[in-house]
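Here is a short briefing to read alongside the model. Please have the sequence and the 3D view open as you go.

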Amino acid sequence: MEKIFRPNPNSFKNTFCVFHEVSIDSILGLKIQFDSKSGSKYYYTIQGMYRLSNHWGRLANSKWRLEPLESVTDSKIKLGFASWDTFYPDNALEELYYLEADYKKKIVNYQHKNNPNYDNKAVLRTSFETTKRIKQARNLFNLTSWAKYFDYEDLDVLRQKIIDQLIFTNKPLEDIKKDFF
């Protein structure tokens, strides 16, 4: 009989991780190894963790995000997979996070500095500072009222220039905007 892989339960505390949505077929034949009070189900393998849940983001003392499949589904319950080497340490004091923007999809997200894709160009920030900058960038993407004070030809180009400054500098948003008046 195959031995069940069980990681140390404390190994998930105070972690950041990006799960990638996978097909529900991925867990066929696997046994639930932990069923949380909130209804999330966990399946552990030697390679990593599958999490079946209807909620993602801040979880108790961790930050776990789900990157969805390109094809959108109606189901609120999503299955995500993360390999063990993508669980990174999290705390409120250290500058662990950077922002990345997808200008085509008009979204901004945060990543951990231990992510192998980090190129040391985006400014690292604490969780609090990162959350503040994300909110500012999302407002720039989703609202247009702020732009009435600017002289511009293409709003998307202006957005990108300002959001790039939010990502790659420590300048406050008001100072960044002044640079474009």
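The notes below cover aromatic pairs, charges over rings, and the two domains.

This is a predicted model. It holds 19 aromatic pairs, and the protein is divided into domain 1 (15-89) and domain 2 (97-179). A good place to begin is Phe12, which pairs with Trp84 and also with Phe87.

**Phe12 and its partners**

- The ring centres of Phe12 and Trp84 are 5.8 Å apart with the planes at 20°, and because planes under 30 degrees apart count as stacked, this pair is stacked.
- Phe12 lies in the segment before strand S1 (15-21), while Trp84 is in the loop between strand S7 (78-83) and strand S8 (88-89), so the pair ties together parts that are 72 residues apart in sequence.
- Are the two residues alike in burial, or unlike: which is buried and which is partly exposed? Phe12 has a relative accessible area of 11%, so it is buried, whereas Trp84, at 23% relative accessibility, counts as partly exposed, because buried means under 20%.
- Phe12 also pairs with Phe87, again with 5.8 Å from centre to centre, but here the planes are 45° apart and the pair is tilted.
- This second pair links distant parts of the chain too, with Phe12 in the segment before S1 and Phe87 in the loop between S7 and S8, 75 residues apart.
- Phe12 and Phe87 are both buried.

**The wider aromatic cluster**

- Phe12, Trp84 and Phe87 belong to one aromatic cluster, whose other members are Phe19, Phe34, Tyr42, Tyr44, Trp56 and Trp64.

**Charges over rings**

- Trp56, a member of that cluster, has the charged end of Arg51 over its ring, 4.4 Å from the ring centre.
- The charged end of Arg65 sits over the ring of Tyr110, 5.3 Å from the centre of that ring.

**How the two domains meet**

- The C-alpha centres of domain 1 and domain 2 lie 28 Å apart.
- Contact between them involves 8 residues of domain 1 and 10 residues of domain 2.
- Together the domains bury about 810 Å² between them, with 46% of that area on carbon and sulfur atoms.
- Which residues of domain 1 lose the most area to domain 2? They are Phe16, Arg65 and Tyr88, which together account for 57% of what the domain 1 side buries.
- Arg65 thus appears twice in this briefing: its charged end sits over the ring of Tyr110, and Arg65 is among the residues of domain 1 that lose the most area to domain 2.
- The count of salt bridges between domain 1 and domain 2 is 0.

Notes
Residues numbered from 1 in each chain as written. Predicted model: local features only at pLDDT ≥ 70, side-chain atom pairs only at ≥ 80, totals over all residues. Heavy atoms only, no water. Phe/Tyr/Trp six-rings, centres within 6.5 Å; stacked < 30°, edge-to-face > 60°. Helix = DSSP H or I, 4+ residues; strand = E, 2+ residues; numbered from the N terminus. Buried < 20%, exposed > 50% of the residue type's maximum accessible area, 1.4 Å probe, protein only. Lys NZ or Arg CZ within 6 Å of the ring centre and 35° of its normal. Domains from an automatic or database assignment. Contact = heavy atoms within 4.5 Å. Buried area = accessible area lost by both parts, 1.4 Å probe. Salt bridge = Lys/Arg side-chain N within 4 Å of Asp/Glu carboxyl O.
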